[in-house]
Amino acid sequence: EQRERERHGQRVAFRVQLSNPEIQPAKLALPDFLQAKVPLVTIRRPVPGSPDRVEPRYDHPEFQRAFRELNELLAAELDGDPLVEFADLMMYGFWGEGHTSDYPSPIPDPALAERTFVDMTERQIEAWRRVPLVVNTQPDISRTGNRAVLELAVRAGCWLRSDSVILDEPEQIEELAHRPPWLAVVMEDGYHRHYRTDTPRYRVDAAGVDVIEHTMLHALDVGANYWSLWTEAGNVARYREKRPAAFDALERRIGYRVRPSWVWQRKRAATDELVVALANDGAASVPGVLRVLAETRDGKPLAGGGLDAGHPFAGRLRLASFLLPPGLAGSEVRLRAELEVKGVRRPVRWACAQPLDAENALGGRLKNHDEPDWS
């Protein structure tokens, strides 16, 4: 699997689910070696005929010991792996998303539950020093401290994610849309994840937009950086063949799309200065620090530095200045970009129509002082 990812240049993200209601109670998500050590609590939904669910006492010392060991082992193997894009925060309850739906929490004291999951969040933030962590914006319906966890995670620079219930929860929409601009958002694909047009829930509105397209386009409404799919490739391909518009919109706008929009050359301090207006055509601001480098054609550094975190914001411009060494008039210069997150830098491909070189850099020639423009 590792070799295949490297061969295709694909990065991955993952989440460890602390429980899963779909495999309970016969096959608990809790590993066998812990089931005899950690108390298990049967929780009941207040609806007649609903199946019982079994959850561990997350606050138990044996669970906490295993949780600490799991994080240390995973981080030791994956925290420095350049193919790991991000890791979801391991949160309370079903699917590790911070809830047990309308079932009660197995921890009867909400204050104890909050302390437990704040401590677990701190432990994960401490363990994962290079890979970005992503926190679910799930409201605190299970009274386990989600608001405190979310505040702690955002202050520590964690990215945000939301699952398919965003259509029903204004609180999450507000949190995602008004996040600090340098934090990325991961959005799931919504209720209609099987991409079928033959179900009773399928409908098309007066403008010709169907319910599946609405959920897809909401990813752009909140300025998402990633769109997470829950279905098989064949289902998506068949649906896209019939209704390609929303896919085309996501491909054009999701995430950040940065390019040099204007490039000026002027004399300053007895040498040449480049001033570059960087435009962001994407729905999201830059999720970290954009570093822009001016280099010679063969990659020798001339000038460079980082913009303020998040810049250029979505749909906005930000200017950068490069004071070049003397004597470069008439020579070729290239502009290259990197994204820095948690001290890790990765190459950025300019979102422009002009051709780029093998390192995704945009080249041009400095004008001689009797020429009108930089080309």
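## Salt bridges

A salt bridge is a side-chain nitrogen of Lys or Arg within 4 Å of a carboxyl oxygen of Asp or Glu. By that rule, E340 and R345 form a salt bridge, with their closest N and O atoms 3.0 Å apart. This comes from a predicted model. E340 is partly exposed, at 22% relative accessibility. R345 is partly exposed too, with a relative accessible area of 45%. The pair belongs to one network, in which salt bridges with shared partners join R291, E295, R334, R336, E338, E340, R345, D357 and E359.

The structure holds 32 salt bridges. One of them joins the side chains of E213 and R243, at 3.0 Å from N to O. This pair links distant parts of the chain, 30 residues apart. E213 sits in helix α7 (residues 211-221). R243 sits in the loop between α8 (233-242) and α9 (245-253). E213 counts as buried, because its relative accessibility is 6% and the cut-off for buried is under 20%. A further salt bridge joins the side chains of D59 and R57, at 2.9 Å from N to O. D59 has 21% relative accessibility and therefore counts as partly exposed.

## The parallel sheet

Strands of a sheet pair through backbone hydrogen bonds, either parallel or antiparallel. Six strands of this model form an open sheet with parallel pairing. Their order is β1-β4-β5-β6-β7-β8. The edges are β1 (12-14) and β8 (226-228), each pairing on one side only. Neighbouring strands in this sheet are turned by 25° against each other on average, direction ignored.

Inside that order, β5 (residues 133-136) pairs with β6 (residues 159-162). Three bridges hold this parallel pairing. One residue-level match is N136, whose bridge partner in β6 is R161.

## The antiparallel sheet

Another open sheet has three strands, in the order β9-β10-β13. Its pairing is antiparallel. The edge strands are β9 (258-268) and β13 (317-323), and each of them pairs on one side only. Neighbouring strands here are turned by 20° against each other on average, again ignoring direction.

Strand β10 (residues 271-280) is joined to β9 by ten bridges, and the two run antiparallel. Among the matched residues, K267 has D272 as its bridge partner in β10. Q265 stands opposite L274 in β10. β9 and β10 form a hairpin with two residues between the strands. In this hairpin, A269 takes a positive phi near 50°.

On its other side, β10 meets β13 through seven bridges, also antiparallel. L274 appears here as well: its bridge partner in β13 is F322. L274 of β10 is thus matched with Q265 and with F322.

## The enclosed strand

How many residues of β10 are buried? Ten of the ten are, so the strand is largely enclosed by the rest of the structure.

E273 lies in this strand. Its relative accessibility is 0%, so E273 counts as buried. The side chain of E273 has polar partners. One polar contact, of 2.8 Å, joins the side chains of E273 and R268. Another joins the side chain of E273 to the side chain of S321, at 2.3 Å. By the residue ranges, R268 falls in β9 and S321 in β13.

## A nonpolar patch on the surface

Which residues form a nonpolar patch on the surface? They are W262, W264, L317 and L319. Together they have about 420 Å² of accessible area. β9 and β13 each supply at least two residues of the patch. These are the edge strands of the antiparallel sheet.

W264 is placed in strand β9. Its relative accessible area is 40%, so W264 is partly exposed. Patch residues need over 30% relative accessible area and no salt bridge. The contrast with β10 is plain: W264 in β9 is partly exposed, whereas E273 in β10 is buried.

Definitions and conventions:
Residues numbered from 1 in each chain as written. Predicted model: local features only at pLDDT ≥ 70, side-chain atom pairs only at ≥ 80, totals over all residues. Heavy atoms only, no water. Pairing = 2+ DSSP bridges. Helix = DSSP H or I, 4+ residues; strand = E, 2+ residues; numbered from the N terminus. Axes fitted to C-alpha atoms, helices over the stretch in contact; angles between N-to-C directions. Patch = residues over 30% accessible without salt bridge, like charges linked within 9 Å, V, L, I, M, F, W, Y side chains within 5 Å. Areas by Shrake-Rupley, 256 points an atom, 1.4 Å probe, with all protein chains shown as cover. Buried < 20%, exposed > 50% of the residue type's maximum accessible area, 1.4 Å probe, protein only. Polar contact = N/O pair within 3.5 Å; in protein donor to acceptor, adjacent residues only side chain to side chain.
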